Each structure stands twice: as structure tokens, then as C-alpha cells.
Amino acid sequence: MATRLYAHDEVFAAAMDEFFTALGDSGRRLRADWLSADPDLPMDHVLRSQPLLFAVDHAYARLLRSWGLAPAALLGHSMGEVAAAVLAGILDFTEAARLVWWRCERLVDAPAGGMLAVAASADAVRPHLRGQVVVGGVNAPKQTIVAGPRHTLDEVARALRADGVTVAAVPSQTPFHSPALDGSVPAAREAFARITRRPPAVPVVSCYTGAPLSDAEAMDPDYWAPQPARPVLFWPALETLLASGDHVLVETGPGQVLTRLARRHPAVRAGRSRVVPLAPARPGEEVATLLAARDALAAAEASAVGG
């Protein structure tokens, strides 16, 4: 979760501190837990993983802007779309940070559950689903996320493995992107209705519709409130983005999960677009990876200007 950058880069550290400050006492505790070698909460706990995903995504993006780089478009995966909304000017940063924390506090008591990464298409997976276990994400043509309550999710995992399908657990104690979280939506709708919302100043491709986010959607609490209970359509959104032209895709979050997915896209494989991750695939090389990314982006910008 990019802790090494906190001591290395002033812009990144300032953005993280702005987030922790917005949360008051809760932020001070989260910061101490984030930097601790012996944290109180496991990384996959909703009160640790989700707020930090928002904060780290936002801080990496602020770092890019300090380099003089502005996005042509934004695409956020799950919590990343809330960070994208802040960067696009749709949501106020402090209000969004506090709402993220408020919402995560209420999801602590969500039904026990989780998510699975399945190496198969959504259509191939659906016959194995049951109860509240659903397709929670379409990350690639043969990379599907399945989500739901724990007991039924375990049954689905066994059925898929018995059919020869590769299944891996996604680190999460919460059944995100499944109907198990429908109960959280009404209160979230009221919360989003109370905060500032503006039309996007930067184009955003929605990971919930797979299409460009309209002004009306950006302003609508009914678009934002159900997101933890709705499937993430990363691959359809990526298709929409790359159909608009050639791009340098920059992953502005911890790890390289989205980088690996995006590199499967035909436009990237053909070299028309490229992917630059800011973080290493595994902890330990945050600074070196960031410096390499800066060089790669500077070279890409010089090439574009030269062309």
C-alpha cells in the first residue's frame, strides 16, 4: 500500500496526510495502522483496504499532476471510480474522503462473504452460480470476479473447481459487488445527496456501465450509492476507452493487477497503446518503480510531441 513512498515523496505524503486529516481521529488511527509493522486490522478488512485504496489512488494521481501530466480521461476500478470522481472535479475531496470512511464503517457489519477470481468468461461462470452469489466483475474476457455470502461462495468455488476451472480467492472479507450489500444502498443514497456533485471536468469512463459517464449520472446519487453492490465492468470500460484512440494507460494504485489486465487488450498487445504502472507488483520496489515510470512517461510525452 505504498508506505515506502510516504517517506520518500513530499507530494505523495502531503496527499495522504490530507486524507488522514479529513478523517480526524479515525484518520490518525488509520495512518498509524497503515505505517505499523504490526497493524491492528488485516489488509483485507473493509476499514483498512477500502479507505487506503481511495487515498493511495488519489495520492498517486496528485503525484502525476505535480509532474505536469494531466489525464485525457479517467477510468476507476471499484473504489478507484470514487477517486476518479474527485480527480475529475465531480466530488469534493474532503467530502468524498469522509463519505468513504462513513460508508466503510457501515459495511463492517455486512454479511460475511468475499470474492473469487475465476479464469473463465462470465457466461461460462453463470451456470455455477446460486443464491446471492453473482458475477461481481468482468475484468477480462476470461477473468471474472464472483462475489457473495461466504457459505454459498464456497459451494460455488467447489463446483467450479470440480468442473476444472481455476479459482483463486480475492483478499476481501466483504462480499463487494453482490446483492448481499443491497441493504447499504438507501443510507448511501441519502449521504450522496447531501454532498457536492458537479459535472465532470475530465472525461470519465464508467466501470458500472462500460460507457462514458454522463453529466446526469455524475450528478445523480442513484448512480453512486449502489456501486458496492453492482458488478464492475472493467473490461467493457477499457474497450470503450481504447476505442476512442491510442493512450498511455497509467495505473495509479497499489500493485499491478490492472496493468496485467490492460496488457491483454489487443490495442496494447499491438503496441498502439501502452501501460505504465506507478507501483511495483509486490512491495519493496516502490521508489525504483516510480522513477522508472517517470522516465517512461517523459519518453512517451517526448515521442508524442516529436510525432
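## A tour from Arg106

Begin by selecting Arg106, which at 44% relative accessibility counts as partly exposed, a class that falls between buried (under 20% relative accessible area) and exposed (over 50%), computed with a 1.4 Å probe on protein chains only. The structure on screen is a predicted model, in which local features need pLDDT of at least 70 and side-chain atom pairs count only at pLDDT 80 or more, while totals for chains, interfaces and linings use all residues. Residues are numbered from 1 along each chain as its sequence is written, and side-chain values use heavy atoms, with hydrogens and water left out.

**Salt bridges**

Add Glu105 to the selection: Arg106 and Glu105 form a salt bridge whose closest N and O atoms are 3.8 Å apart, the term requiring a side-chain nitrogen of Lys or Arg within 4 Å of a carboxyl oxygen of Asp or Glu. Glu105 is partly exposed as well, with a relative accessible area of 37%. How many salt bridges does this rule give? The count comes to 10.

Move next to Arg31 and Asp17, another such pair, with 3.9 Å between the closest N and O atoms. Because Arg31 belongs to helix α3 (residues 25-35) and Asp17 to helix α2 (residues 10-22), this salt bridge ties together parts that are 14 residues apart in sequence; helices (H or I, at least four residues) and strands (E, at least two) are DSSP runs, numbered from the N terminus. Both partners are partly exposed, Arg31 at 33% relative accessibility and Asp17 at 29%.

Then select Arg62 together with Glu18, where the salt bridge has its closest N and O atoms 3.0 Å apart. Here Arg62 lies in helix α4 (residues 46-66) and Glu18 in helix α2, so the parts tied together are 44 residues apart in sequence. Arg62, at 29% relative accessibility, is partly exposed, as is Glu18 at 33%.

**Asp33 in α3**

Return to helix α3 and pick out Asp33, which has its place there. Is Asp33 buried or exposed? With a relative accessible area of 9%, Asp33 is buried. Leaving aside residues up to four places away in sequence, Asp33 touches Pro39, Asp40, Leu41 and Arg48, contact being taken as heavy atoms within 4.5 Å.

**Helices α4 and α6**

Now display α4 with helix α6 (residues 93-107), whose axes come within 8 Å of each other and cross at roughly 160°. The axes are lines fitted to C-alpha atoms, for helices over the stretch in contact, and the angles run from 0 to 180 degrees between N-to-C directions. The two helices are therefore roughly antiparallel to each other, given that angles over 145 degrees count as roughly antiparallel, those under 35 as roughly parallel, those from 65 to 115 as roughly perpendicular and the rest as oblique. The crossing of α4 past α6 is right-handed, meaning that the near helix is turned clockwise from the far one by less than a right angle, whereas an anticlockwise turn would make it left-handed.

To see where they meet, select Val46, Leu47, Gln50, Pro51, Phe54 and His58 on α4, and on α6 Phe93, Ala96, Ala97, Val100, Trp101, Cys104, Glu105 and Leu107.

**Cysteines**

Keep Cys104 from that contact set, and note that it is buried, with a relative accessible area of 2%. Searching the whole structure for disulfides, which are pairs of cysteine sulfur atoms within 2.5 Å, finds zero. Cys104 is accordingly in no disulfide, the nearest cysteine sulfur being that of Cys207, 18 Å away. Seen from Cys207, the closest cysteine sulfur is in Cys104, and 18 Å is too far for a bond. Cys207 is itself buried, at 0% relative accessibility.

**Loops with unusual backbone angles**

Most residues other than glycine have a negative phi. Select Ser78, in the loop between β1 (74-75) and α5 (79-87): the phi of Ser78 is near 60°, a positive value in a residue other than glycine, and at 15% relative accessibility Ser78 counts as buried. Then go to His177, in the loop between β5 (167-170) and α9 (185-194). His177 likewise is not a glycine and has a positive phi, of about 65°, and with a relative accessible area of 5% His177 is buried.

**Last stop: Asp109**

Finish at Asp109, in the loop between α6 and β2 (113-118), which at 71% relative accessibility counts as exposed. Add Thr174 and draw a C-alpha to C-alpha distance: the two residues are 9.2 Å apart in space, although 65 residues separate them in sequence.
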